[in-house]
Amino acid sequence: MLRSEEPAHGLYLRLCDTNGLARSAIMRTLTGVRCERVWNGRDLHALAEISKCPMADLERSAFRGGSGRAIRVREHVLDSRDDLLKSPRRSCPDCLNESHHHRLWWDLAFIATCPRHLRRLASHCSCGRPLSWKDGLLARCFACDHGDVAAVAVEEADIYVVELDRWFLAQLGVGDVSLIPPALHGLQLRQAIQVIERTAVLDLLGYDDPNAGLYDLHMDAAKARAHGFRLIYEGRLEALLDRVHAGNVGDWIKLIRDSMIR
Ligand SMILES: [Zn+2]
Ligand SMILES: [Zn+2]
C-alpha cells in the first residue's frame, strides 16, 4: 500500500529499504524493475506485481511523462526539466522519523523546505555524500555503512520560503488549502510559478525583461521566488507594474501565459 504523499518511485525505494538493500540496483537485479523507469511513470505493472500495490493507486501517484518535457504530477502538468529534481534525492529527516517513506514533493525543484518541520530539505547523507536514487535505504547513501540523514545538521528555513512552500503543497493537495492571491486565480501551477518568478525578477532587476530569469538575480532561487510570492500575496504587483511601466496585472499575466503555450 502506498503511504500518504508517497509517489510510485517512493514505494520502490521503500521496498528496497524494507528488504535492507543498500543499492537500488540490487532490486533491479532481483526483480527486473528499474527505479529510473518507475520514476518516470513506467513499469508500473511490474511494480504492482512485486509490491502487491493496486495498479490504480500507482497510476495516481506516479509522475507520468509523455512526449516532450511535460510531466504530470497529481493533477498538475509540470516541466520535467525545470520543476523536477532527480539529483540529488532530497529528504526531510523529521518527516522520515514520523513515517519512514519518501514524499512526492521532495522531488519538486521549486520546493526548498519542509513547511511542517521548518527546515531545508536535506540532500546529503551524514557521511557528506549526496543522496541519490542509486540508494536503497531511505535515510542513507549507497556508499557508506553507517550514515544517517537524521544526523545531518538542521538547516533552518527562511520563513518566507516556508510560506511559499506551504502554498505549493496546498496546490498539490497536501496540507490545508490556503488562500489564492487574486492575481494567481485561475492559473495552473506551472503558470503560477512563472508569474511568481517573473514578479521577483521584475522587482529585483527593476525592469521588465521577458528573457531574464531567476538565474540573473544571482541569489538563492527559493528566496527569490518567495520574494515574488510575497509581493503578489500582499497585493503589491499592480504598484510594481506601474513603477516599471509594464501595463496592468491582467494584461501582464496574459502575456506570460501566452508566451508559455508551446
Ligand atoms: Zn518534514
Ligand atoms: Zn553516506
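Q: Which domains does the domain assignment give for the chain, and where do they begin and end?

A: In this predicted model, the assignment divides the chain into domain 1, covering 8–151, and domain 2, covering 179–260. The contact between the two domains takes six residues from domain 1 and six residues from domain 2, and on the side of domain 1 that touches domain 2 there are four nonpolar residues, one polar residue and one charged residue. The C-alpha centres of the two domains lie 31 Å apart.

Q: How many helices and strands are in the chain, and what does its radius of gyration say about how compact it is?

A: The chain contains eleven helices and five strands. Its radius of gyration is 20 Å, which is close to the 18 Å that the globule rule gives for 262 residues, so the chain is as compact as a globular protein of that length. Taken along the principal axes, the box filled by the C-alpha atoms is roughly 60 × 40 × 30 Å, and 39% of the 262 residues count as buried. As for contacts with a separation of 6 or more, 60% of them join residues that are 24 or more positions apart.

Q: Which residues have the most contacts inside the largest nonpolar core, and which helix supplies the largest share of this core?

A: The largest nonpolar core holds 68 residues, and within it Ala8, Tyr12, Leu47 and Ile232 have the most contacts. At least two residues of this core come from each of several helices, among them helix 1 (8–18), helix 4 (44–51) and helix 9 (221–233), while the largest share, eight residues, is that of helix 8. Each of the two domains gives at least three residues to this core. For a local view, take Tyr12, which, once its neighbours within four places in sequence are left aside, is in contact with Cys35, Val38 and Leu47.

Q: How many bridges join strand 2 to strand 3, and in which direction do these strands run?

A: Strand 2 (residues 70–73) and strand 3 (residues 76–79) run antiparallel and are joined by four bridges. Within this pairing, Ile71 of strand 2 stands opposite Leu78 of strand 3. The hairpin has two residues between its strands, and in it Arg74 takes a positive phi near 50°.

Q: Why would one look twice at a positive phi or a cis peptide bond?

A: The general idea is that most residues other than glycine have a negative phi, and that most peptide bonds are trans, so departures from either pattern can be picked out. In this structure, a cis peptide bond joins Ser87 and Pro88, with omega about 0°, and Pro88 has its place in the loop between strand 3 and helix 6 (93–98).

Q: Where is Leu118 found, and is it buried, partly exposed or exposed?

A: Leu118 lies in the loop between strand 4 (113–114) and strand 5 (119–120), and, although it is not a glycine, it has a positive phi of about 55°. Leu118 counts as partly exposed because it has 14 C-beta neighbours inside 10 Å.

Q: What is the phi of His245, and is this residue buried or exposed?

A: The phi of His245 is near 55°, a positive value in a residue other than glycine. His245 belongs to the loop between helix 10 (237–243) and helix 11 (249–260), and it is exposed, because 8 other C-beta atoms lie within 10 Å.

Conventions
Residues numbered from 1 in each chain as written. Chains lettered and ligands numbered in written order. Predicted model: local features only at pLDDT ≥ 70, side-chain atom pairs only at ≥ 80, totals over all residues. Domains from an automatic or database assignment. Contact = placed C-beta atoms within 7 Å. Nonpolar A, V, L, I, M, F, W, Y, C, P; charged D, E, K, R; others polar. Pairing = 2+ DSSP bridges. Rg over C-alpha atoms; globule rule 2.2 N^0.38 Å. Buried ≥ 20, exposed ≤ 12 C-beta atoms within 10 Å, placed from the backbone. Core = buried A, V, L, I, M, F, W, Y, C linked by C-beta atoms within 7 Å.
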